[in-house]
Amino acid sequence: MFQSLKTSLTTLQSVPRSRPPGLTSTEITSNSAVFQWQQIPRKDAHGVLLGYIVDLYSYYSGRYRGEIKTSNTSIAFKDLSPANRYELKVRGYTAIGSGPNKYYYFST
């Protein structure tokens, strides 16, 4: 009788190699905006995907609002400035670090 040996292989984590797919706006008004995206595919996560880092840049003020970490695949912003241009960045992250940004440009 032959018995096979069981082997387990674990690779080290890395940063996600792809951007979050399908970033779209679901609503944009003069002072608010709602966005959604799809999860980064497991094969591209390169480890345990902990969530997403979202950053919103205002061309009017020339400043970022600050990084927002979320495990959701959607986000809403309120109290935006009317008649302003914005740059939204979304990227996935693991325990090792964050992957490439997906960009979305919009105006209120």
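In this short talk I will go through one arginine, one small sheet and two loop residues, all in a model that is predicted.

Let me begin with the arginine, R91, which you can find in strand β7, the stretch that covers residues 85–93. Is R91 buried or exposed? Its relative accessibility is 9%, and because buried means under 20%, R91 counts as buried.

What, then, does the side chain of R91 meet in there? One polar contact, of 3.2 Å, links it to the side chain of S98, and another polar contact, also given as 3.2 Å, links it to the side chain of N101. If we leave aside the residues up to four places away in sequence, R91 touches P20, G51, Y52, I53, E67, S98, G99, P100 and N101, so please note that S98 and N101, the two polar partners, appear in that list of contacts as well.

Now I would like to turn to the sheet. Three strands make up an open sheet, and their order is β1-β2-β6, with antiparallel pairing. Strands β1 (24–28) and β6 (74–77) stand at the edges, and because each of them has a single partner strand, one side of each is left without a neighbour in the sheet. On average, and with direction ignored, neighbouring strands of this sheet are turned by 15° against each other.

If you look at the pairing of β2, residues 33–36, with β6, you will find that four bridges join these two antiparallel strands. As an example that you can locate for yourselves, A33 has F77 in β6 as its bridge partner.

Finally, let us consider the backbone at two loop residues, for which a little background helps. Most residues other than glycine have a negative phi. Against that background, H46, which is not a glycine, has a positive phi, near 55°, and H46 sits in the loop between α1 (42–45) and β3 (51–58). With a relative accessibility of 32%, H46 counts as partly exposed.

Where is the other residue of this kind, A83, to be found? A83 lies in the loop that runs between β6 and β7, and its phi is likewise positive, near 55°, in a residue other than glycine. The relative accessible area of A83 is 73%, and since exposed means over 50%, A83 is classed as exposed.

To return to where we started, the loop that holds A83 leads from the edge strand β6 to β7, which is the strand in which R91 lies.

Note on methods
Residues are numbered from 1 along each chain as its sequence is written. This is a predicted model: local features need pLDDT of at least 70, side-chain atom pairs count only at pLDDT 80 or more; totals for chains, interfaces and linings use all residues. Side-chain values use heavy atoms; hydrogens and water are left out. Buried means under 20% relative accessible area, exposed over 50%, partly exposed in between (1.4 Å probe, protein chains only). A polar contact is a pair of N or O atoms within 3.5 Å; within protein, one must be able to donate a hydrogen and the other to accept it, and residues adjacent in sequence count only if both atoms are side-chain atoms. Contact means heavy atoms within 4.5 Å. Two strands pair if DSSP finds at least two bridges between them. Axes are lines fitted to C-alpha atoms, for helices over the stretch in contact, and angles run from 0 to 180 degrees between N-to-C directions.
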